[in-house]
Amino acid sequence: MGNNNGFLISFSHVSFALVVLISCLHEVELSELKGGCDFFQGSWVEDDTYPLYNNSSCPFILQGFDCQANGRLDELYLKYRWNPTACSLPRFNGEDFLRRMKGKKLLFVGDSISLNMWQSLTCMVHVAVPQSNYTFTRHGNLSTFALPDFDISLELSHNVYLVDVVKEEIGTVLKLDSIENGNYSWKGYDVLIFNTWHWWVHTVKGKNQPWEFIESGGKILKDMDRLAAFKEGLTTWSKWVDSNVDPHTTQVFFQGISPVHYDGRGWNGTTSATCKGQTTPVNGTTYPGGLPPAVAIVKEVLKNMSKPVTLLDITMLSLLRKDGHPSLYAGIKGNDCSHWCLAGVPDSWNEILYAILSTREDNSRLI
């Protein structure tokens with residue numbers, strides 16, 4: 001995003017009237033999807049028409065995600081398309097997305113994995129209308145990409161736990177039963193896409209663990225089982241959604257658990273193998289190492305909610321992409337097997353999001 005203090009960028013105006021209507025092929029694909037499809041079961045297939053955009057055509061990719069600019073020479077990882085088993089997934093159509101979402105506000109809430117997905121979507125939209133005016137601003141924890149010609153904003157609220165982290169006399173406390181921040185920052189949006197997980201297992205105090213104590217059930221603790229803490233915090237978030245979201249005006253998604261690839265045994269590799277040097281996906285539709293335990297917790301919490309929340313169940317399709325991480329090409333020292341290169345895997349997450357937004361019958365208000 002460049003300047004962390006915020007910036008404003010504008011390009012020449014293009015009228016919304018010039019947007020090309022959805023193609024006949026696209027109409028056929030979407031009508032097929034209305035019959036129902038599990039987008040999340042499938043495999044990766046080579047497709048020379050991918051990626052959906054070139055890095056050079058998207059000027060605001062963060063350095064940490066821009067693997068090609070950071071020296072990654074192999075390009076095969078860019079040439080894979082997610083292919084659901086039961087049906088076809090429509091290719092992202094940025095002009096159609098803008099038409100459907102005209103006048104709407106979409107907010108991602110979460111950690112740097114949310115940032116990964118948000119930046120992917122901004123690139124996918126920008127390359128569809130490259131001559132259109134846009135603004136890109138950052139104020140505090142809120143980043144906003146807006147297209148005034150289409151009256152649409154794609155926003156990101158950086159919030160790694162969803163629940164509150166509060167400075168008190170004893171120190172910084174992670175409050176598992178408090179979510180006051182949502183009351184002033186998550187309301188008034190047409191689409192909300194939440195994510196949290198990675199920070200719950202961070203353990204280096206002061207570096208990647210910003211809290212000193214956990215408050216659980218009214219008790220102050222030095223630490224606790226992290227899966228139990230994650231479930232309690234996610235349950236608090238679910239109660240906030242149930243109490244504050246009107247499903248007639250706002251559609252809610254949970255982004256799902258984005259996996260890491262630091263242990264090759266997960267794909268029947270060696271113990272020392274990581275994403276470093278990986279250039280192809282795992283073959284097939286299943287991951288030998290199975291799903292992370294957080295997936296079951298997410299599904300249990302969502303199942304018990306009274307308001308509808310759509311799970312973007314991206315875990316399995318992402319587990320298969322051991323080749324999709326920045327690794328040594330994140331622009332800093334280290335081996336990043338947690339985030340994702342752009343262009344890359346998050347583009348497929350957004351293609352699924354687009355398909356759901358486009359076909360959900362009970363969301364005619366949004367499209």
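**Close-up views of two sheets and two cavities**

**View 1. Helix 3 against its strands.** Helix 3 (residues 112–126) lies across strand 3 (105–110), strand 4, strand 5 (142–147) and strand 6 (152–158), and it runs at about 165° to strand 6. Contact here means heavy atoms within 4.5 Å. Angles run from 0 to 180 degrees between N-to-C directions, with axes fitted as lines to C-alpha atoms, for helices over the stretch in contact. Helices (H or I, at least four residues) and strands (E, at least two) are DSSP runs, numbered from the N terminus. Keep in mind that this is a predicted model: local features need pLDDT of at least 70, side-chain atom pairs count only at pLDDT 80 or more, and totals for chains, interfaces and linings use all residues. Residues are numbered from 1 along each chain as its sequence is written, and side-chain values use heavy atoms, with hydrogens and water left out.

**View 2. The seven-stranded sheet.** Go across this open sheet and the strands come in the order 4-5-6-3-9-12-13, with mixed pairing. Strand 4 (135–139) and strand 13 (309–311) are at the edges with a single partner strand each, so one side of each has no neighbour in the sheet. Neighbouring strands are turned by 20° against each other on average, direction ignored. Two strands pair if DSSP finds at least two bridges between them; strand 12 (residues 251–254) and strand 13 have three, in the parallel sense. Look for Phe253, which stands opposite Thr310 in strand 13.

**View 3. Helix 8 on that sheet.** Helix 8 lies across strand 3, strand 9 (191–194), strand 12 and strand 13. Its direction is at about 150° to strand 12.

**View 4. The largest cavity.** The structure holds two cavities of 30 Å³ or more, and the largest has about 90 Å³ of space. Of its 14 lining residues, Tyr50, Leu78, Tyr80, Gly344 and Asp347 are the closest to its centre. A cavity is a set of points on a 1 Å grid over the protein atoms alone where a 1.4 Å probe fits but cannot get out, and lining residues have an atom within 4 Å of a point. Points are joined across faces, edges and corners, and a volume is the space filled by probe spheres set on them. Helix 8 (residues 345–359) gives the most to this lining, with four residues. By class, the lining has nine nonpolar, two polar and three charged residues. Nonpolar covers Ala, Val, Leu, Ile, Met, Phe, Trp, Tyr, Cys and Pro, charged covers Asp, Glu, Lys and Arg, and the others, Gly among them, are polar.

**View 5. The second largest cavity.** This one has about 30 Å³ of space. Around it sit Gly256, Ile257, Val295, Val298, Lys299, Leu311, Asp313 and Thr315. They split into four nonpolar, two polar and two charged. Helix 6 (residues 293–303) gives the most, with three residues.

**View 6. Ala273 in its loop.** Find Ala273 in the loop between strand 12 and helix 6. Ala273 counts as buried because its relative accessibility is 17%, and buried means under 20% relative accessible area (1.4 Å probe, protein chains only). Leaving out residues up to four places away in sequence, Ala273 touches Tyr262, Asp263, Gly264 and Trp267. Asp263 is 10 residues away along the chain, yet its C-alpha atom is 5.9 Å from that of Ala273.

**View 7. The four-stranded sheet.** This open sheet has the order 7-8-10-11, with mixed pairing. Strand 7 (164–168) and strand 11 (219–221) are the edge strands, each pairing on one side only. From one strand to the next, the twist averages 30°. Strand 8 (residues 171–175) and strand 10 (residues 213–216) run parallel, joined by three bridges. Leu174 has Ile214 in strand 10 as its bridge partner.

Technical notes:
On a 1 Å grid over the protein atoms alone, a cavity is a set of points where a 1.4 Å probe fits but cannot get out, and a pocket is an open set with protein on both sides within 12 Å along at least five of seven lines; lining residues have an atom within 4 Å of a point. Buried means under 20% relative accessible area, exposed over 50%, partly exposed in between (1.4 Å probe, protein chains only).
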